[in-house]
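Hi,

Here is the structure I said I'd send over. Have a look below, and then read on for what turned up in it.

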Amino acid sequence: MGLETLLAASAIMSAGGSLLSGLQGSQAAEYNVAVARQEAEVARTTAAMEADRIRQQGRKVLASQRVAAAASGVDVAQGSPLLVMLDTIRETAEDVSLATYKGSGKATGLEAEARAQRRAGRQALIGGLIGAGQAGLSY
């Protein structure tokens, strides 16, 4: 086997290694994209479930307040009992908004991560192609 044959084989191996590396980087990035998107969906679903739980808890507290006021003979449609119930409604709405906001923020961050991973995958693939081309040209 001559020197030229060895150089050609070396260039082919180098090009193949660059291509394989680029493809593996791209595939790993696509996997990470899928994971980040799935986690974003989980964050949204979890936030929605938390918001529902908070609403339900708020309704229970409101009902308890209504029953307690009525049991003591107080008119629940006016005065202090009404103000307490309105405060409960406001606090529940704030807690629901906060839970939704947190879930949305987490999901947005994960989607940004997915976009960055997709770019990294494309760059890995392009880098592999460039490396393969350089290896081919070096022969």
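Starting with E91: its side chain is partly exposed, with a relative accessible area of 38%. One thing to keep in mind is that this is a predicted model.

E91 has a partner right beside it in R90, and the two form a salt bridge whose closest N and O atoms are 3.9 Å apart. That only just makes it, since the cut-off is within 4 Å. R90 also counts as partly exposed, at 39% relative accessibility. The pair isn't on its own, either: a network of salt bridges links D87, R90, E91 and E94.

Across the whole structure, the search came up with seven salt bridges. Here are two others worth a click.

R44 and E111: the closest N and O atoms of this salt bridge are 2.6 Å apart. R44 sits in helix α1 (residues 3-71) and E111 in helix α2 (residues 79-138), so this pair ties together parts that are 67 residues apart in sequence. R44 is partly exposed, with a relative accessible area of 35%, and E111 is partly exposed too, at 26%.

E50 and R53: these side chains meet in a salt bridge at 2.7 Å, N to O. Both belong to helix α1, three residues apart, so about one helical turn separates them. E50 counts as partly exposed at 30% relative accessibility, and R53 does as well, at 44%.

As a general reminder, side chains of opposite charge can pair when their charged atoms come close.

Cheers

Terms used: Residues are numbered from 1 along each chain as its sequence is written. This is a predicted model: local features need pLDDT of at least 70, side-chain atom pairs count only at pLDDT 80 or more; totals for chains, interfaces and linings use all residues. Side-chain values use heavy atoms; hydrogens and water are left out. Helices (H or I, at least four residues) and strands (E, at least two) are DSSP runs, numbered from the N terminus. Buried means under 20% relative accessible area, exposed over 50%, partly exposed in between (1.4 Å probe, protein chains only).
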